[in-house]
Number of protein chains: 2
Amino acid sequence: MAQKPSIPKGTRDFSPAEVAKRNYIFSTIKTNFEKFGFQPIETPSFENSETLMGKYGEEGDRLIFKILNSGDYLDNFSDAFINGVINIISNFYINLINESDVNSIDFIEKNKIQIEFLERIYNSKGLNESLNLNKVFDNNLFKIIFETLDEYTGLLFKNLDFYMNHNGKLEKYADLYEEDKKTIFSISSTVYSLWSIKSNSKKFTANISEKALRYDLTVPFARYVVQHQNEIEFPFKRYQIQPVWRADRPQKGRFREFYQCDADVVGSNSLWQEVELVQLYDSVFSQLGLGGVTIKINNRKILSGIAEVIGASDKLIDFTVALDKLDKIGEDGVKKEMLEKGISGTAIEIVQPLFNFTGTINEKIEKLAQLLANSEEGMKGVNELQFICDNVTTLGLQTAFLDLDVTLARGLNYYTGAIFEVAAPKGVAMGSIGGGGRYDDLTGIFGLKNMSGVGISFGLDRIALVMEEVGLFPEAVLATSKALFLNFGDKEALYSMKAIGKLRQKGIKVELYPDKSKIDKQFKHADRRGIPFAVIVGESEIEREEFGFKNLATGEQQKVDFATLVTLLQ
Amino acid sequence: MAQKPSIPKGTRDFSPAEVAKRNYIFSTIKTNFEKFGFQPIETPSFENSETLMGKYGEEGDRLIFKILNSGDYLDNFSDAFINGVINIISNFYINLINESDVNSIDFIEKNKIQIEFLERIYNSKGLNESLNLNKVFDNNLFKIIFETLDEYTGLLFKNLDFYMNHNGKLEKYADLYEEDKKTIFSISSTVYSLWSIKSNSKKFTANISEKALRYDLTVPFARYVVQHQNEIEFPFKRYQIQPVWRADRPQKGRFREFYQCDADVVGSNSLWQEVELVQLYDSVFSQLGLGGVTIKINNRKILSGIAEVIGASDKLIDFTVALDKLDKIGEDGVKKEMLEKGISGTAIEIVQPLFNFTGTINEKIEKLAQLLANSEEGMKGVNELQFICDNVTTLGLQTAFLDLDVTLARGLNYYTGAIFEVAAPKGVAMGSIGGGGRYDDLTGIFGLKNMSGVGISFGLDRIALVMEEVGLFPEAVLATSKALFLNFGDKEALYSMKAIGKLRQKGIKVELYPDKSKIDKQFKHADRRGIPFAVIVGESEIEREEFGFKNLATGEQQKVDFATLVTLLQ
């Protein structure tokens, strides 16, 4: 039975038209990244698990795709496993041999795990009698064990005798054949699972998986910076456009494999970086034709200041979430929710200015300066914001709007300064199409202190959806051939191929229909492929060294020489 | 303790310079693919395991990276697990309640697994007494079980009473809370592992992993063609440049993650495709400056013909492997090896012409035609080869050589017609830098019959190594900024940023040094980054609306206005 082909949920195939559109966005972003002095790096798709785990919170950790150690079983991992299994069995046998009373409570207690293991295998062989510890050599239990393993796993212990010498002592058990090593992995992992009931499942996963697909580009970038710190010239402006993987529940617009496009600077505290990143957003979206996006900006220190002022830093998220609903549920609704969440009435009174937080950016900053006057941290944030907004305003943006949004609280756990988020142009229903911020200690997790980083990210999939909706992809994005040479037989095809070769050397995209099929079929192929012209070569064309040239849109047809053909297709 | 950062063996980080070089190769290949009418597709990094498994032979299957179902535990897989655990426990309790004699041999035998499971948990709690089946409710074993699971896994059974009603019967156990479901997965998988000793490890793997990283681009392409057959216009010329993953033992030049660059045509038997693919190789390598590669060609049908003629189709590999050593060990050595491998003396005599297989391609084909005159299959191969070689020769190649190599036997299991392999230019020690062939039944494994495909692949990593060795990368490959604007303070930086903004809008790559550091440090930064010019803006430049412009290679310095600056940087 042939399999009905499908792909894992949350993943996508991209057709030529889709790839072309996505590449158009990538290439625009890339051009702008480079214009702003960012340089590309690439990191492996999978990282060591310990590089990723614990960096994204508990929820994030759960969403990391782990890779089975399948390919590793000849290496560290499997050796440990093999040794483990062999040890369990052999130690027990050694104990057994050295013990005078194998039925003593002490002995049984000390070898509980081993006995249990042997019994399990013994019983699974259909021998339901109890394990007679005096008879383990008599009834050749050891042989049964390996036969059983063999049966379960296809494992062939070629030299059983090798492991069991006549003294009953086990020697050289580490000296397994390479092939045995390969196959013993199967049973080893099962045996390991058996014992792993004693440990928790996290430990279990760690032992069968040591690699994981990257979850974002930021942590691999931090790892890269630390690992290559001696080769890197700081401040380091890098960009990275690669896929990431998340085991999220797939939803409309949320995928398990998707591209991230990140630009980060690491090694400088200069707020000019923030200014440039706002300009970079503006530059990319303007060039894509996506005018009118709103670049929302906030600052972690302002949020800390607010938390200080309301006297409840643990309520910060509740506070911003509630405040964000101002447009939807009104001032009273927001206040009601804040009270319900345990924010005091006094606190709400203090932040009253935030309920009427309108005006120009400068007016908003002024309001914040008053509100946070007594918070040192808060005022730092206000000053940073002032610097960024002043300079962005002075330098001007092409098509984007800059706006201050105090409810913007993304990345609260890692951002320490500026926080960015980009909203699609008004009228387009779509979540954020970009975001970023500053993190003062990007590389600290990997041991390199005092490396401030600031970066932004572009949400490719959403940008593509928006561009599709607004109809912003240029016609020319799809790079089909300019002309299809029809095929009337090998002689004609050879004549065509000579012309095709010369055209291609001039960089002109043309193709030969590979088979001598009915002419209708060949025309239909050009049409379905979106190829605008057909070149027709029959006997008479060959004789006169000509080409029939047909415009497939108008139906117009003419006979031309090669030079004219070049002109028509260029 | 901070982690010492590293990446999994067999994987690589790519620095900006490396990315630039690789992208140069990619982009050359891509341009040529499109010039020849191929269109890009992309497929997901991971496929369903059943799409990949069994397609690459036993060795290949072992080298496929499997992905743990970690992300799936709220879906199918985990539901089955949860139900499994709940069933084991609850069925046992139901049995217990309905049984008059819980200590009967019959009862114990029937509930062996459940009792064992309970005992295991019971004992792991430190209660080493035997499980008293009459007292399981009295001593609240059930509670202990869940507390134990809780302890091991962080699982919190919020409503224990919910699962145990006063009748002792378990109802609604499938009605777990969402959060319980999430966490119960941990213990479920361990429990599953426990029972999995009864099944073999392949089954085990299949149950904890349902996805795998793609091993090549051909099988995903076949899957794509079948899945999207109704949207595809055939013949379908697609190219695909994406990474693949293999759990190979890492070696010099062999990686666990590497890019493949494939171009295939599916849906046509026309040999013009083979002709074009030879031209495509020639075109790419010529454009890369890698002249003088040898495109070796053979045909599966010729190999079948030889097998027929020597009367030993099972010895075909041995035969070609031995024949391939002609240069190294001489005619006698080869014959000796053939005899050792069980190829008869008579057979060796018949294929005597292959030991002196020199001359032009046409002369070689002539020799083959004589040798294989009585093999219908062999003669088909000879004719195909003749067509391809004749037309390639007539049309001419730019810099590559075409050669017939009867020892070329790559992909013997799937190629059915032409076989290609590209050897680096003479004098460069490197294995093949490309390969491909025709496979008559590309999509049959996925249920779509009679779809012939033919394709070629470029070995990116080896091509990059060769180009590095021969020194073929153009200087301009690394796209650094044209100029670094030095930073003497915020006022000067703002003046610079105004110029920078205008330069970038003209597509000129320039950057501002972000911090007001010592001037030496800033110059050194430009130098280390390979930025050729520095722009110096101090108070006097601002006053006179000028820019200091310094050529960092020559040290030459001048004061210029903005218009001149543009000219100098364009």
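Colleague: Which residues are linked in a network of salt bridges?

Modeller: The network links Lys237(A), Glu276(A), Arg504(B), Glu511(B) and Arg529(B). This is a predicted model, in which local features need pLDDT of at least 70 and side-chain atom pairs count only at pLDDT 80 or more, while totals for chains, interfaces and linings use all residues. Residues are numbered from 1 along each chain as its sequence is written, chains are lettered from A and ligands numbered from 1 in the order in which they are written, and side-chain values use heavy atoms, with hydrogens and water left out.

Colleague: What makes the contact of Asp405(A) with Lys296(A) a salt bridge?

Modeller: The term requires a side-chain nitrogen of Lys or Arg within 4 Å of a carboxyl oxygen of Asp or Glu. The closest N and O atoms of Asp405(A) and Lys296(A) are 3.9 Å apart, so the pair meets that condition. Asp405(A) lies in the loop between β8 (401-404) and β9 of chain A and Lys296(A) in strand β7 of chain A, so that the pair, 109 residues apart, links distant parts of the chain. The element names come from DSSP runs numbered from the N terminus, with H or I and at least four residues for helices, and E and at least two residues for strands. Over all chains, the structure holds 50 salt bridges.

Colleague: Are Asp405(A) and Lys296(A) buried or exposed, and what do those words require?

Modeller: Both residues are buried, a word reserved for residues under 20% relative accessible area, whereas exposed means over 50% and partly exposed lies in between, all with a 1.4 Å probe and protein chains only.

Colleague: Why is strand β9 of chain A described as largely enclosed by the rest of the structure?

Modeller: The description follows because 5 of the 6 residues of strand β9(A), which spans residues 418-423, are buried.

Colleague: Which strands pair with β9(A), and in what sense?

Modeller: Strand β7(A), residues 294-299, pairs with β9(A) in the antiparallel sense over 6 bridges, and 5 bridges join β9(A) to strand β10(A), residues 432-439, also running antiparallel. Two strands pair if DSSP finds at least two bridges between them, so both counts satisfy the criterion. Asn298(A) stands opposite Ile419(A) in β9(A), and Ala423(A) stands opposite Ser432(A) in β10(A).

Colleague: What makes β13 and β16 of chain A edge strands?

Modeller: The open sheet of 5 strands has the order β13-β12-β14-β15-β16 in chain A, with mixed pairing. Both β13 (510-512) and β16 (557-560) pair on one side only, and that makes them the edge strands. Neighbouring strands of this sheet are turned by 25° against each other on average, direction ignored; the axes are lines fitted to C-alpha atoms, for helices over the stretch in contact, and angles run from 0 to 180 degrees between N-to-C directions. Strand β12(A), residues 483-485, pairs with β13(A) in the parallel sense over 3 bridges, and Phe485(A) stands opposite Leu512(A) in β13(A).

Colleague: Why is Glu468(B) called partly exposed?

Modeller: Glu468(B) has 46% relative accessibility, which falls between the two cut-offs, so the residue counts as partly exposed. The same label applies to Lys21(B), because its relative accessibility is 26%. Glu468(B) and Lys21(B) form a salt bridge, with the closest N and O atoms 3.1 Å apart. That pair links distant parts of the chain, with Glu468(B) in helix α19 (residues 460-470) and Lys21(B) in helix α1 (residues 16-35) of chain B, 447 residues apart.

Colleague: Where do Lys335(B) and Glu331(B) lie?

Modeller: Both residues lie in helix α15 (residues 326-340) of chain B, 4 residues apart, which is about one turn of the helix. Their closest N and O atoms are 2.8 Å apart, and the two form a salt bridge. Glu331(B), at 30% relative accessibility, counts as partly exposed.

Colleague: What is notable about phi of Asn450(A), and why does this residue count as exposed?

Modeller: Phi of Asn450(A) is near 55°, a positive value in a residue other than glycine. Asn450(A) lies in the loop between β10 and β11 (453-458) of chain A, and its 74% relative accessibility is the reason why it counts as exposed. In chain B, phi of Asn450(B) is near 60°, again positive, and Asn450(B) likewise counts as exposed at 74% relative accessibility.

Colleague: Which peptide bond of chain A is cis, and what is its omega?

Modeller: The bond from Phe234(A) to Pro235(A) is cis, with omega near -10°, and Pro235(A) has its place in the loop between α11 (218-227) and β5 (236-245) of chain A. In chain B, a cis peptide bond joins Phe234(B) and Pro235(B), with omega about -10°.
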